[in-house]
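Trainee: Could you take me through one part of this model at close range? I would like to see how a single strand sits among its neighbours, and then what surrounds that region.

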Amino acid sequence: MNKEEVSIELDGRKYKLETGRFARFADGGVMVTCQDTMVLVTVVASKESLPEVDFVPLQVEYREKSASAGKFPGGFLKREGRPTDREILISRLIDRPIRPLLPKYWNYETQLIATVYSADPDVDPDTIAATGASAALMISDIPFNGPVSEVKVGRINGEYILNPSFSDLKFSDIDITVAATDSSIIMVEGECNEISEEEFLGALEFAHEKIRYLNALQMKLVESVGKPKREFIEDKAPEEIAELIIPKIENEIEEFINKKTIKKERTEFRRALKEKILELVFEKYKDSQIYSEAQLKKYTIEVIDKLEKAKMRQMILEKGIRLDGRGTTDIRQISCEVGLLPRTHGSSLFTRGETQSLSTVTLGTKKDEQIIDGLMPAYSEQFILHYNFPPFSTGEIKKLGLGRREIGHGNLAQRALKPIIPDTTHFPYTIRIVSDILESNGSSSMATVCAGSLALFDAGVPVPKHVAGIAMGLIKEGEQIAILTDILGDEDHLGDMDFKVTGTYDGITACQMDIKIDGLSIEVMKRALLQAREGRERILEILYQVINKPRPDLSPYAPRYTAIKIEPENIGAVIGSGGETIRAICRETETDINIDDDGTILIAATSKEKSDMAVKMIQDIVRKPEEGEIYQAKVIEIKEGIGAIVQFMTGKTGLLHISQISRERVNNVSDFLKVGDEIEVKLVEISKEGKYRLSRKVLLPETGATENNYKDSNKRYSGNKPFQKHPPKSGGKSDYRSNK
């Protein structure tokens, strides 16, 4: 194939699709370019089908090459390894709009790989990789109901921005990724700063308008190099098997779904029904050479599932009644608890129907921040949320591990709560939320948002308001439409939409939407958003009834911060050579200390006493010695014939000359002093070279003088506590919620 390329100018940027030069053995390969960002997307489908597979066997991998940004991979091994969370999240953003556009019965193993080879810091590769994935499928022989393109929408000063840069997003109140065909929006995911439903819809309409230009660009490439699509046989259940099964189960399914049931009852009903019908089908075709046992099982389950889906959808559309007996706008029963785990810094248990999240909050110091190192300059995250989905939550036995689902759901919940997290100037803690799903029957990510909000309040994090989340569903048959509030797992599986919306009373903070059908209008989406807002506000009311404001005090087990300020020129003295001084202070006081460039020092300690000790040691270092001042000193070295080296302030040492040790004649220093002795000395002089001349002799009483006369004669005496110093002349300290 000869090199072919097409391009378009869109909102000040040039987008280019090129094929025929790279990866020519792939079924479809496209290099997508936007400014200096280049992503190669390839797709390959096996030539042999998998007849026993009852799902689309699609694998999507997105990878970032460090060399694309002129960087070395971090870590000990200087090569790319397992995918990062960001790579997994972008893989999901590609997979979710692509998968529903492949044929339902496509059972050829298909792998789509997107690799970043050049990274422009102003152009995020994520959305152009998804557009390239569609283009690669469009020009291949793989059947695909595209094109589909993906864009990101930001908004600065009320103006929507297409594919904002990383720097633009710092000032944007919207960060939403949208994927769509010409006729329908298929996927939405992102975060917002409490925007209204109308503003959200405006962002979608803006995105859809731009997407149509990128879809047209793909079609232009297809006209040049597109291949005929591969013919394949849809391996669906034959009519004879459907005709055998349906009469025997139709009434039984209809009667069951009209009952008010829980998940366990539905699971047991399906299991028993499938066992009974499989026995019937195997008996019928036991001597047949047409179908294998695996095919018969696959076809039987397909017929039963399709019939149950049809009956469930019919019941909702005609009667407005759902599997668990609720109406379309009803929310499952909710119960909440806070503070149930005594040793955590904050905890909550949120239960909605048969979905339950046990969440904890842990407060840490700056060293606990998560460092993110990728194509862009490394940065750190102060707020982290982790979502866990153990197999017992669905009554199953599986290998424990972290999958793409856990990373995706955790990311959504983190984005939902992020707008209410206080910045470090007001709350200088690293915050980690962990949500463990103990029961799952739909909307576990939204349960995580609610549980996380409760746990933040319980931990005493000064967040301004609660955030709640709710998942919306859709049943659409022709012109009949039912929008479902707070969907079950079965309704997600059997329905046409999964639309998760989170927010406060004041607006939307995050969203995630996947649509399985074409032609969903903006008007229907508006109805879903308004219905979601009603449900969200009912949940928020419950959250506020449980705990209506953050606790006034942190957990006694949480670290305490003390902030002090020093002059920037003293930072080096506090840190010391190679960090030796600051490490010694941390070690001796059992604290964690962070110093900013402006001289702000944050001290994290488990008690006020340890914090105060660290403050004193730092203030000793930065306070300038004054001539005539009296100090409590410690002998650290004996130099016979010369005198003794003493430390009279933290980090400050001077020579106590042999002539200044005593009023008596000193022949051997060790007769008067030994290492470790604590003595009082007076700073007699600071030389031009910065050396300190100290005297003990001048503080000793003259012959006939009393101890009281001695102390009275030294009006500037600074006390007798070890290393006691005067308060700093500039700067002070403030405790953040210190122990009382």
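Mentor: Happily; what follows starts at one strand and works outward through its sheet, the helices and a few backbone details. Please keep in mind that this is a predicted model.

Let us begin with strand β9, residues 174-180, where seven of the seven residues are buried. Its side chains alternate: Ile 174, Ile 176, Val 178 and Ala 180 point one way, while Asp 175, Thr 177 and Ala 179 point the other way. Both sets are buried, so the charged-looking name in that list should not mislead you: Asp 175 is buried as well, which means under 20% relative accessible area here.

Now look to either side of the strand. With strand β7 (residues 149-156), β9 pairs in the antiparallel sense over six bridges, and Ile 176 of β9 is the bridge partner of Val 153. With strand β10 (residues 185-195), β9 again pairs in the antiparallel sense, over seven bridges. There, Ala 179 stands opposite Met 187 in β10. β9 and β10 form a hairpin, with four residues between them.

Val 153 is a handy place to step further out, as Leu 162 is its bridge partner in β8. β7 and β8 pair in the antiparallel sense over four bridges. Put together, these strands belong to an open sheet of eight, in the order β8-β7-β9-β10-β21-β20-β18-β19, with antiparallel pairing. β8 (159-162) and β19 (480-485) stand at the edges with a single partner strand each, so one side of each has no neighbour in the sheet. On average, neighbouring strands of this sheet are turned by 20° against each other, direction ignored.

Two helices meet this sheet. Helix α4 (residues 197-225) lies across β7, β8, β9, β10, β20 (497-504) and β21 (507-515), and runs at about 140° to β7. Helix α11 (residues 522-546) also packs on the sheet, where it touches β10, β18 (468-477), β19, β20 and β21. The direction of α11 makes about 145° with that of β18.

Next comes a helix pair. The axes of α1 (residues 85-98) and α2 (residues 125-139) come within 10 Å and cross at roughly 40°. That angle is why α1 counts as oblique to α2, and the crossing is right-handed. From α1, the residues Arg 86, Ile 90, Leu 93, Ile 94 and Ile 98 meet Pro 125, Asp 126, Ala 129, Ala 130, Ala 133, Ser 134 and Leu 137 of α2. By type, the residues of this contact divide into nine nonpolar, one polar and two charged.

Finally, a few backbone details for your checks. Most residues other than glycine have a negative phi, and most peptide bonds are trans. In the loop between α2 and β7 you will find Pro 147, and a cis peptide bond joins Gly 146 to Pro 147, with omega about 5°. Asn 163, in the loop between β8 and α3 (166-169), has a positive phi of about 45° although it is not a glycine. Asn 163 counts as buried because its relative accessibility is 9%. Ser 443 has a positive phi too, about 65°, and is not a glycine. Ser 443 lies in the loop between β17 (430-439) and α9 (444-459), and its relative accessibility of 9% is why Ser 443 counts as buried.

Technical notes
Residues are numbered from 1 along each chain as its sequence is written. This is a predicted model: local features need pLDDT of at least 70, side-chain atom pairs count only at pLDDT 80 or more; totals for chains, interfaces and linings use all residues. Side-chain values use heavy atoms; hydrogens and water are left out. Buried means under 20% relative accessible area, exposed over 50%, partly exposed in between (1.4 Å probe, protein chains only). Two strands pair if DSSP finds at least two bridges between them. Axes are lines fitted to C-alpha atoms, for helices over the stretch in contact, and angles run from 0 to 180 degrees between N-to-C directions. Angles under 35 degrees count as roughly parallel, over 145 as roughly antiparallel, 65 to 115 as roughly perpendicular and the rest as oblique. A crossing is left-handed if the near helix is turned anticlockwise from the far one by less than a right angle, and right-handed if clockwise. Contact means heavy atoms within 4.5 Å. Ala, Val, Leu, Ile, Met, Phe, Trp, Tyr, Cys and Pro count as nonpolar, Asp, Glu, Lys and Arg as charged, and the others, Gly among them, as polar.
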